[in-house]
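Hi,

Here is the structure I promised to pass on. Have a look at it first, and then read on for what I found in it.

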Amino acid sequence: MFDGLEISPETAPSNIGAEQAFLGALLYDNDLAHSVAGFLKPEHFYDPVHGRIFEAASERINLGKLADAVALKGVLGSDPGLLEMGGVEYLAVLIESAANSAAAVEYAKLIREASDKRILALLLNNLLAEIPEGEAKAVIETAEQRLAEMTDAEEGEHEISAGAALREALQSPGEFVETGLAKFDEYRLLTAGLIVIAGRSSMGKSALTVDLAMRSAQRGRASVVFTNEMPATQISMRWAATLSGVPYFNIMFDKMTNSDRQRVGEQIAALDALPLKIVEVPGVGIGGLRSRIRRWKRDQMKAGRKIGVVAIDYLQNISADGGSLYERTSAIALGLQTLQLALKVPVVVACQIKRLTDGQKASRPAIDSLRDSGKIEEVADKVILLHRDSYYAEREPEENDPSKEMERKTRALSKEVDVDLAKNRQGPLAKIKLIADLPTNTFRDYF
């Protein structure tokens, strides 16, 4: 990861005793390979011979073969490093050092921890070399990116046999975050993955995105909104409008009666009681988002909370390199995909679909409406398209025919929102209707 940098053997973090105790236990109890498959790899061993022993044993175990000292003798008998350590007799030494199976996984974690510390030391050395010449902001961005690479390797990459993966899946059925919206929960809309809420301007993307975060928190799941568009005060006022029924506009500009003001004030304690946070991140890139989300998730798990929704408002405002809008949006989309794969949480992102040009008919968006938005359509696990016919009906010219004008006014007053689950890697597609009272940022089921 960090080419050209080295740590001296005297100062490199390592735990040879843990490596010997774990390998000995593995040769005695091959099932341990499945217990550590998600976080331990050959390169995490400080002693390269230990890494090769682990690799050879793992390969046999994944093929359903026995991996003990006798079996490995044929595979590693001529290994130069092992010969220097006494040849295959060293495998017997490992077995003598074996930890019991219950403790062996903890020793594996110590091996990984020492490996992470070595990588961190390399990162720090690299940053120290860059500080004199580089701008502070650039060095910070480099640190965030490299820390993300380091922790992505820890949390994202997961090598496992097909049989073991199925066993894991059957033991841990898919989990979803409840919203209280009947159809959303029926179709398990909020599951770990990248969930894109897309639509043209004023369709309610941001409103639904922040509403889902609050709904998750109301059901006891820690949730967070990362905003690079609205300030935190505006988001909090939207939630206060939902909880109190006082229109958001009235709260923002203090056009409230005494009764309204009291109802809104009562929501401060209600919001404080929820495991819900807002993080303002203007100009943040994927590396910065990743490090902030990981830190937030770690804090919530330490506090014993279940994870709910990570909401981002909105996608096109995330900073990224690239010459064209398509290139930048593609880079953002791919970054979000790796982020959710590493963190395994529902990442709900509001996404703007290109505006209609003059003369274009206000057609409902389709999945191909995202095709000009980089790789969003490809990488998203779910794509939810929003459409409010009332928005366009309000702006249509008055009809001369009274019956047609009545129809237009009826459409303009409608609170229906069409929700098109246009892509769903984890289940069926669906057309859902909601009732949205956008002045109070409130959504409810359509019956």
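One term before we start: when I say that two parts are in contact, I mean that heavy atoms lie within 4.5 Å. Also keep in mind that this is a predicted model.

With that in hand, start at helix α11, residues 205-218. This helix lies across β1, β2 (221-227), β3, β4 (306-313), β5, β6 and β9, and α11 runs at about 165° to β4. Helix α12 packs on the sheet too, where it touches β2, β3 and β9, and its direction makes about 150° with that of β3.

So what does the sheet itself look like?

It is an open sheet of nine strands with mixed pairing, and the order is β3-β2-β4-β5-β1-β6-β7-β8-β9. At the edges you'll find β3 (276-280) and β9 (442-445); each has a single partner strand, so one side of each has no neighbour in the sheet. On average, neighbouring strands are turned by 25° against each other, ignoring direction.

Strand β1 (residues 193-199) is worth a closer look. Seven of its seven residues are buried. In a regular strand, side chains alternate between the two faces of the sheet. Here both faces are covered: Gly193, Ile195, Ile197 and Gly199 are buried on one side, and Leu194, Val196 and Ala198 are buried on the other.

As for its partners, β1 pairs with β5 (residues 346-352) in the parallel sense, over seven bridges. If you want a spot to check, Ala198 has Cys351 of β5 as its bridge partner. β1 also runs parallel to β6 (residues 382-387), joined by four bridges, and there Ile197 is partnered by Ile384. Further along, β6 and β7 (residues 416-424) run antiparallel, with six bridges between them; one of the partner pairs is His387 with Asp418 in β7.

Back to the helices: how do α11 and α12 pack against each other? The angle between α11 and α12 (residues 232-244) is about 65°, and their axes are 11 Å apart. Angles of 65 to 115 degrees count as roughly perpendicular, and therefore that is how α11 and α12 stand to each other. Their crossing is right-handed. On the α11 side the residues are Ala207, Val210, Asp211, Met214 and Gln218, and they meet Ile235, Arg238, Trp239, Thr242 and Leu243 in α12. By class, this contact has six nonpolar, two polar and two charged residues.

Cheers

Technical notes: Residues are numbered from 1 along each chain as its sequence is written. This is a predicted model: local features need pLDDT of at least 70, side-chain atom pairs count only at pLDDT 80 or more; totals for chains, interfaces and linings use all residues. Side-chain values use heavy atoms; hydrogens and water are left out. Buried means under 20% relative accessible area, exposed over 50%, partly exposed in between (1.4 Å probe, protein chains only). Helices (H or I, at least four residues) and strands (E, at least two) are DSSP runs, numbered from the N terminus. Two strands pair if DSSP finds at least two bridges between them. Axes are lines fitted to C-alpha atoms, for helices over the stretch in contact, and angles run from 0 to 180 degrees between N-to-C directions. Angles under 35 degrees count as roughly parallel, over 145 as roughly antiparallel, 65 to 115 as roughly perpendicular and the rest as oblique. A crossing is left-handed if the near helix is turned anticlockwise from the far one by less than a right angle, and right-handed if clockwise. Ala, Val, Leu, Ile, Met, Phe, Trp, Tyr, Cys and Pro count as nonpolar, Asp, Glu, Lys and Arg as charged, and the others, Gly among them, as polar.
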